[in-house]
Amino acid sequence: MGMIFRAKANKALDRAEDPRETLDYSYQKQLELLQKVRRGVADVATSRKRLELQLNQLQSQSGKLEDQGRKALALGREDLAREALSRRAALQQQVTDLETQHATLQGEEEKLTLAAQRLQAKVDAFRTKKETIKATYTAAQAQTRIGEAFSGISEEMGDVGMAIQRAEDKTAQLQARAGAIDELLASGALDDQSGMHKDDIQAELDRLSGGTDVELELQRMKAELSGGGTPDRQAIEGGQEQGQGQAQPQQQPQDTPRFDKQ
């Protein structure tokens, strides 16, 4: 279970890792290390400078005691001269110890300075390489995304393609449903609740009825132009019905009413 969990975690981290961010983080750590080395060089140089000041003070005191011993010896005070020389000898021992420490600190300072210079060179080289790798990675990533977009295998383009496919499928389904409903309404299998849709038989009946009205109007106009009377509507309708059924002779009415024009 632990191995599976670590494998899953490693895969998730690898997926979330950005090499550019990792390089920037490594560069930042190197800069911090370089800053620590520089602070170390500064601290050693400060200690060396402090020892130099102490050495100068001790050497000044040693020279002063030597002068005092000479003066005391010139005045016949050999005891004072001996005391001054004794103190001068103690100071010289301190001067020797400080000089040893000074030489040690100076050597450490030189080593740290050289290490700082080498580290600075490595940091500069790493920065150049880091920027090159980041630029190459960005270019490769952009090229990969363009290739995936053209091929349609990217996640974004895949979602777009699926959306287009779903839209086309729904459109085709709606078109098929609309065509089926029209066919069912035309055949009479479905009732049109709105009353707007008419089947073929009703359309033919409406057409014949409309044609009868036109024929009646046409006969009336002919009668007016010829000076005769207007034919009876029922007679014309009866004649048309007989003409549509089978050919029968049409009887003219005995008395055609005549209307005088006023």
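The exercises below deal with one buried serine and with salt bridges in a predicted model.

Residues are numbered from 1 along each chain as its sequence is written, and side-chain values use heavy atoms, with hydrogens and water left out. Because the model is predicted, local features need pLDDT of at least 70 and side-chain atom pairs count only at pLDDT 80 or more, while totals for chains, interfaces and linings use all residues.

**Exercise 1.** Place Ser-62 in the structure, and decide whether Ser-62 is buried or exposed.

Step 1. Ser-62 belongs to helix H2, residues 19–74. (Helices are DSSP runs of H or I with at least four residues, strands are runs of E with at least two, and both are numbered from the N terminus.)

Step 2. Recall the cut-offs: buried is under 20% relative accessible area, exposed is over 50%, and partly exposed is in between, with a 1.4 Å probe and protein chains only.

Step 3. The relative accessibility of Ser-62 is 3%, so Ser-62 is buried.

**Exercise 2.** Find which residues Ser-62 touches, leaving out those up to four places away in sequence.

Step 1. A contact requires heavy atoms within 4.5 Å. By this test Ser-62 touches Arg-88, Leu-91 and Gln-92.

Step 2. With Arg-88 there is also a polar contact between the two side chains, at 3.3 Å. (A polar contact is a pair of N or O atoms within 3.5 Å; within protein, one must be able to donate a hydrogen and the other to accept it, and residues adjacent in sequence count only if both atoms are side-chain atoms.)

**Exercise 3.** Describe the salt bridge of Asp-67 by its partner, its distance and its spacing along the helix.

Step 1. A salt bridge needs a side-chain nitrogen of Lys or Arg within 4 Å of a carboxyl oxygen of Asp or Glu. Asp-67 pairs with Arg-70, and their closest N and O atoms are 3.7 Å apart.

Step 2. The two residues are about one helical turn apart, because 3 residues separate Asp-67 and Arg-70 in helix H2.

Step 3. Asp-67 has 42% relative accessibility and is therefore partly exposed. Arg-70, at 51%, is exposed.

**Exercise 4.** Work out how Asp-124 and Arg-127 are placed in helix H3.

Step 1. Both lie in helix H3, residues 78–151, with a spacing of 3 residues, about one turn.

Step 2. They form a salt bridge, with the closest N and O atoms 3.8 Å apart.

Step 3. Asp-124 at 27% is partly exposed, and Arg-127 at 38% is partly exposed.

**Exercise 5.** State how many salt bridges the whole structure contains, and name a network of them.

Step 1. The search finds 16 salt bridges.

Step 2. One network links Asp-24, Lys-130, Glu-131 and Lys-134.
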